[in-house]
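I opened this notebook page to record what I looked up about the contacts between protein and DNA. The entries follow the order in which I went through them.

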2 protein chains.
Amino acid sequence: MSAQPAVALEGVSAFAPAVIGRVMRQVSPEEARGSGWASALLISGGVLQIPQDAEIYGEGADAAAFYKVVDGVVRTCKFRSDGRRQIEAFHRKGDVFGFESGDAYRLTAEAVSDCTVIAYRRRGIEQLAATSNTLSQQLFGYFMQEMTRARAHALVLGRRSAVERVGAFLHDAAQRSRDGRTISLAMTRQDIADYLGLTIETVSRTLSQLERDEVIAMPVSRQIRVQDPAWLEDLAA
Amino acid sequence: MSAQPAVALEGVSAFAPAVIGRVMRQVSPEEARGSGWASALLISGGVLQIPQDAEIYGEGADAAAFYKVVDGVVRTCKFRSDGRRQIEAFHRKGDVFGFESGDAYRLTAEAVSDCTVIAYRRRGIEQLAATSNTLSQQLFGYFMQEMTRARAHALVLGRRSAVERVGAFLHDAAQRSRDGRTISLAMTRQDIADYLGLTIETVSRTLSQLERDEVIAMPVSRQIRVQDPAWLEDLAA
DNA sequence: CGATTGCTTGATACCTCTCAACCCAGGTGG
DNA sequence: CCACCTGGGTTGAGAGGTATCAAGCAATCG
């Protein structure tokens, strides 16, 4: 269960899931500063390598930083008392995650695959935003993106049938792929199921059915090619 | 399609459901300026009275304004090609809605009950935010609230059973009520169903079952009293 | 008063969950 | 090299819950 991420030169406290990671690779200054605004907020040593399935931060931990994905995929999720897990979002290269209104994280963030992320200090962000027009707009943009995704996710979950949910997931994934058709999945069927509010079996069955209907091709389970984009488009409408 | 929020004194076109409402009541200056920041953005004549079920703005319309609820309840929703409707959120007194990242609204806003809302100009908001620390923080706060709600809604919809969904809805509604137990519903069963991704019959049956189990009391269909708060609490956990 | 609207309740069909078996690829160890 | 194990994924059979179709009730309205 424990997802001590990682990676400590010396002793990582077993009870401090919030303290994680260390610099393992040097990222270029341009990459870290990203869109220009971030240098003032960049945490020294804030470039983190997170191994697969390791925790980046845990629910309830002090929300002192927010993060930007450089490489890999991150999931933010909630664990219920009955053991079920709801994935709120997958974050890919360029996405920012970990914004919080309160002092503590309300979700857990974990690495779906091996990841590189950059941590930015949260404290002082408002003051900086007030002095810098561009920073303000950048943050606003990231924020909007997060919100738009959250809304879109809620709309998908509001759909009742499994085909519609899986279809929406594929549609979204295809949109973000290079050519708009070829999807390489970093996540397991369980991840997809927990994201869509379905069971792993239903996800598997639905994908198989879509393959039989020649909407998609699935040479291996983690590689999906969309054969009939129009069909997905209609479903999403 | 156009949703000029404002305020036609004469002639409401029968074919322009988007053009609705007009100033019917004078709202005090303090009320309109609200938290102090808003006077600069307040649209002249921007206090609107919206009759029940009227549209405030439509999906696709130019997102020139955002709104604050003074009184009543507003729903933001999406209509699908198959005629189904998904309600993204209910907005109550003090809530702000209509934030958009792009130029057009992605959702439709309608009055669940007779409403009073204030419209604020969106243009120029970034500049203002950059010059005013307090405005920036206020907006940030509203924004965060919206995002937190969207996330919470997605988590509820990720839950599979009808009892859990209805329970979460009741829990939330009770939280916002005066005494934490007595709920006055402004919305119909259909609204609730479209918000929870269920059918009207399932919502009705679930409420009846909860009443039989003495978790709630329902003297009339729009009035619900929570008898067993702990039970709801456990369900929400 | 009949018509309409919002809501509840019943019977049945359908879809997803659950439980279970099985397949496959990769890794390990004898 | 092969037996074995493991984790991820697929598939099957049956149970259970929600959607669907249909009827009926109560309050409101013209």
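The entries below take DNA strand C and then DNA strand D.

**Entry 1, surroundings of strand C.** I note at the outset that this is a predicted model, and I read the distances below with that in mind. I looked up which residues surround DNA strand C and found 18 of them, the closest being A162(A), T202(A), S204(B), S208(B) and R222(B). Of the atoms of DNA strand C that come within 4 Å of the protein, sugar and phosphate make up 62%. Sorting the surface near DNA strand C by class, I have 8 polar, 7 charged and 3 nonpolar residues.

**Entry 2, polar contacts to strand C.** I then went through individual atom pairs. On the phosphate side, an N or O atom in the side chain of T202(A) is 2.3 Å from a phosphate oxygen of DNA strand C, and for R189(B) I find a side-chain N or O atom 2.8 Å from a phosphate oxygen of this strand. On the base side, R205(A) places a polar side-chain atom 2.9 Å from a base oxygen of DNA strand C. The elements that give two or more residues to the surface near DNA strand C are α6 (200-212) of chain A and α6 (200-212) of chain B. Which element gives the most to this surface? I have it down as α6(B), with 4 residues.

**Entry 3, surroundings of strand D.** Turning to the other strand, I listed 18 residues around DNA strand D, among which S208(A), R222(A), A162(B), T202(B) and R205(B) come nearest. Here, sugar and phosphate account for 62% of the strand D atoms that come within 4 Å of the protein. The class division of the surface near DNA strand D is 7 charged, 8 polar and 3 nonpolar residues.

**Entry 4, polar contacts to strand D.** Where does a polar side-chain atom of R189(A) lie? I find it 2.8 Å from a phosphate oxygen of DNA strand D. For the bases of this strand, I recorded a polar side-chain atom of R205(A) at 2.8 Å from a base nitrogen, and a polar side-chain atom of R205(B) at 2.7 Å from a base oxygen.

**Entry 5, elements at strand D.** I also checked which elements supply at least two residues each to the surface near DNA strand D, and these include α6 of chain A and α6 of chain B. Here α6(A) gives the most, with 4 residues, whereas for DNA strand C I had noted α6(B) in that place.

**Entry 6, R205(A) across both strands.** Going back over the pairs, I note that R205(A) appears with a base oxygen of DNA strand C and also with a base nitrogen of DNA strand D.

Conventions: Residues are numbered from 1 along each chain as its sequence is written. Chains are lettered from A and ligands numbered from 1 in the order in which they are written. This is a predicted model: local features need pLDDT of at least 70, side-chain atom pairs count only at pLDDT 80 or more; totals for chains, interfaces and linings use all residues. Side-chain values use heavy atoms; hydrogens and water are left out. A residue is near a molecule or strand if one of its heavy atoms lies within 4 Å of it. A polar contact is a pair of N or O atoms within 3.5 Å; within protein, one must be able to donate a hydrogen and the other to accept it, and residues adjacent in sequence count only if both atoms are side-chain atoms. Ala, Val, Leu, Ile, Met, Phe, Trp, Tyr, Cys and Pro count as nonpolar, Asp, Glu, Lys and Arg as charged, and the others, Gly among them, as polar.
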